[in-house]
Amino acid sequence: MAGYEGVLILGELGDKNQAAGITLELLGLGGKLAQGLDEQLKVVLLGNNVEGAAAELPQYGADKVYLADDPVLGSYNPETYLSLLQSVCEDEKPRIFLAGSTPVGQDLAPRLAFSMGTGLVTDCVGLELGDSPGLLCTKPTYGGNAMAVFVLDTMPQMATIRSRVGEAPSPDPSRGGEVTKLDTGAYTRPSRMEVAGQVKEETVGVKLEEARVVVSGGRGVGGPEGFSQLEEMAQLLGGAVGASRPPCDSGWIPPTSQVGITGKIVAPDLYIAVAISGSSQHLSGMSDSRHIVAINKDPEAYIFKVVDYGVVGDWRSVLPAFTCKLRELITE
Amino acid sequence: MQEGLEIIVCVKQVPDPEGPPSAFVVDSEALRVVPKGIPPVISPFDENALEVALRLKEAHGGSIALLSAGSGISQAVMLKAMATGADELLLVEDELFDCEGPDSSSTAALLAAAIRKKGGFDLILTGRQAADTNSGQVGLGIAQMLDVPAVSLAQKVEVFDGEVTVERVLPDGHEIVRVTLPALVTISHEVGDLRYPRMADIKTAKERPRTKWSAGDLGVEPASSVRARILELSQPVRERQCCIVDGDTPEEAGERLALKLREAKLL
């Protein structure tokens with residue numbers, strides 16, 4: 001496996017064409033690995049008008065930034081992105097390749113791994129250098145009922161990482177790095193695939209993934225009316241409303257509100273679970289919350305084993321009194 | 001354009017993921033999870049994929065082949081899935097599946113080889129990820145190996161004039177992606193649940209064609225394509241000490257909960 005060197009990160013862009021939060025987190029995580037290996041930390045960034053974002057990355061620890069800037073790359077097309085990324089990987093031969101567990105990362109990383117004939121561990125919650133040259137990747141399996149550590153046998157060793165696993169380094173403006181522009185014309189080939197547009201749902205108020213307080217409802221909430229009561233409490237606490245899977249499947253609340261292994265993974269300061277029994281699939285999406293509260297009428301519900309505070313009772317009686325008292329305490 | 005759609009749906013048998021956490025016993029020595037008291041089922045996203053196939057068959061005609069790789073595949077589980085309206089069952093059994101041996105890479109290699117052996121198809125559907133490995137790689141891997149375009153995380157799939165149009169789930173909405181057939185699409189749960197089969201159909205499903213292959217029949221040596229190995233397996237610690245807040249009435253308990261949270265400086 002000689003000749004493979006350094007840590008390469010797939011950079012992504014946030015709302016204002018700046019480096020996304022996950023990319024900075026990966027720079028933090030990848031920086032530690034690169035340091036442990038005494039090798040370079042590199043980022044590849046694909047997009048349209050992203051020179052500004054690329055120029056910022058050395059402050060966060062990138063030794064080298066590969067930049068593909070082209071109007072064609074303004075929206076994610078897997079086949080175009082793959083051909084560019086693969087040629088960067090073949091030229092650079094990174095020892096480790098990291099991407100976020102994001103819509104782009106979880107789509108692109110498997111394609112890249114299979115085209116390069118190398119191994120990938122997805123949705124990791126921990127990375128560590130093992131005995132040279134193994135990368136140890138920790139990820140939940142069986143819907144979070146087991147935690148597995150994998151080692152990869154082939155190069156590059158690839159992993160996708162959940163958000164909030166790494167910590168963004170504080171920027172150091174004095175730090176320099178090399179930005180290399182890639183020739184996009186050579187790689188952008190006609191595609192069998194057309195991305196015809198995006199339909200965004202308007203989020204009112206705080207985003208679920210960023211909220212410090214999340215109020216979530218389960219099947220027991222019973223219908224969309226119940227969720228408006230949860231909404232009231234979330235607003236009071238400056239938080240967002242989430243749900244386990246059944247209310248989303250029943251159309252009581254948009255599917256974008258789902259918290260769980262196949263929905264959003266959240267870790268707020270306070271998570272309030274209303275009429276949620278505590279399926280593994282849901283717990284995997286919220287069990288890293290700082291403090292967890294549950295209201296459930298079934299004293300045997302599993303959720304009570306994984307929370308800090310619990311009330312056994314029908315939420316229809318408990319919640320209005322709870323909300324009313326909260327309002328009183330907050331406005332005091 | 002030819003009549004009807006030839007659809008292959010890849011399904012995986014897993015221990016019922018809706019089972020309680022205590023049903024998943026972690027054997028750290030053997031590096032495997034031993035299900036306790038829960039039945040095998042088809043991985044839920046694969047069931048969603050089968051539902052999409054059934055709707056497409058209703059709209060366009062054609063046929064559905066169910067393809068599953070594993071060991072100890074339950075006849076009852078597959079029959080129930082077949083009875084919803086699939087036409088043919090293809091099984092790949094290999095002893096590699098007896099342990100935690102196969103990874104996404106070796107599984108995709110087996111399935112791709114089985115699809116090549118079967119012959120023509122218009123559309124391959126898989127779940128977005130399996131409920132046991134939670135990996136989400138095999139579908140995209142099969143597409144890469146067969147060199148067909150692939151779209152992941154579909155919440156809606158429509159076929160028109162040799163093209164498939166997919167609504168792909170995003171965290172704050174969706175995007176619309178069009179690819180030419182033949183293609184592969186991985187399905188997310190938003191498409192809706194798999195319909196229930198009728199009892200009468202479960203009986204007739206037994207008579208539908210079924211083929212069983214070993215890895216050797218497919219000319220594949222799956223162990224040689226394993227790239228990710230499990231080193232450790234453990235039970236995650238999620239449990240917390242729960243302080244139950246009570247009161248004479250549910251209303252009083254609700255008020256006390258608010259007071260408790262303020263006491264703990266969580267407001």
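In this predicted model, strand β16 (residues 309–312) of chain A and β15(B) run parallel and are joined by two bridges, and within this pairing A:Tyr309 has B:Cys243 of β15(B) as its bridge partner. The two strands belong to an open sheet of six strands, ordered β13(A)-β12(A)-β14(A)-β15(A)-β16(A)-β15(B), in which the pairing is parallel. The edges are occupied by β13 (240–243) of chain A and β15 (243–244) of chain B, each of which has a single partner strand, so that one side of each is left without a neighbour in the sheet. Helix α9(A) packs on the sheet, where it touches β14 (270–274), β15 (291–296) and β16 of chain A, and its direction makes about 135 degrees with that of β15(A).

A contact between helices also links the two chains: the axes of α9 (residues 315–331) of chain A and α6 (residues 250–263) of chain B come within 7 Å and cross at roughly 40 degrees, which makes α9(A) oblique to α6(B). The crossing of these two helices is right-handed. Among the residues making the contact are A:Val318, A:Phe322 and A:Leu326 of α9(A), together with B:Ala253, B:Leu257 and B:Arg262 of α6(B); the contact residues divide into eleven nonpolar, two polar and four charged.

Chain B, taken as a whole, contains six helices and 15 strands, and its C-alpha atoms fill a box of roughly 70 × 45 × 40 Å along the principal axes. Of its 267 residues, 49% count as buried, while residues 24 or more positions apart account for 72% of the contacts in chain B that have a separation of 6 or more.

Definitions and conventions:
Residues are numbered from 1 along each chain as its sequence is written. Chains are lettered from A and ligands numbered from 1 in the order in which they are written. This is a predicted model: local features need pLDDT of at least 70, side-chain atom pairs count only at pLDDT 80 or more; totals for chains, interfaces and linings use all residues. Axes are lines fitted to C-alpha atoms, for helices over the stretch in contact, and angles run from 0 to 180 degrees between N-to-C directions. Helices (H or I, at least four residues) and strands (E, at least two) are DSSP runs, numbered from the N terminus. Angles under 35 degrees count as roughly parallel, over 145 as roughly antiparallel, 65 to 115 as roughly perpendicular and the rest as oblique. A crossing is left-handed if the near helix is turned anticlockwise from the far one by less than a right angle, and right-handed if clockwise. Two residues are in contact if their C-beta atoms, placed from the backbone, lie within 7 Å. Ala, Val, Leu, Ile, Met, Phe, Trp, Tyr, Cys and Pro count as nonpolar, Asp, Glu, Lys and Arg as charged, and the others, Gly among them, as polar. A residue is buried if 20 or more other C-beta atoms lie within 10 Å of its own, exposed if 12 or fewer, and partly exposed in between; C-beta atoms are placed from the backbone. Two strands pair if DSSP finds at least two bridges between them.
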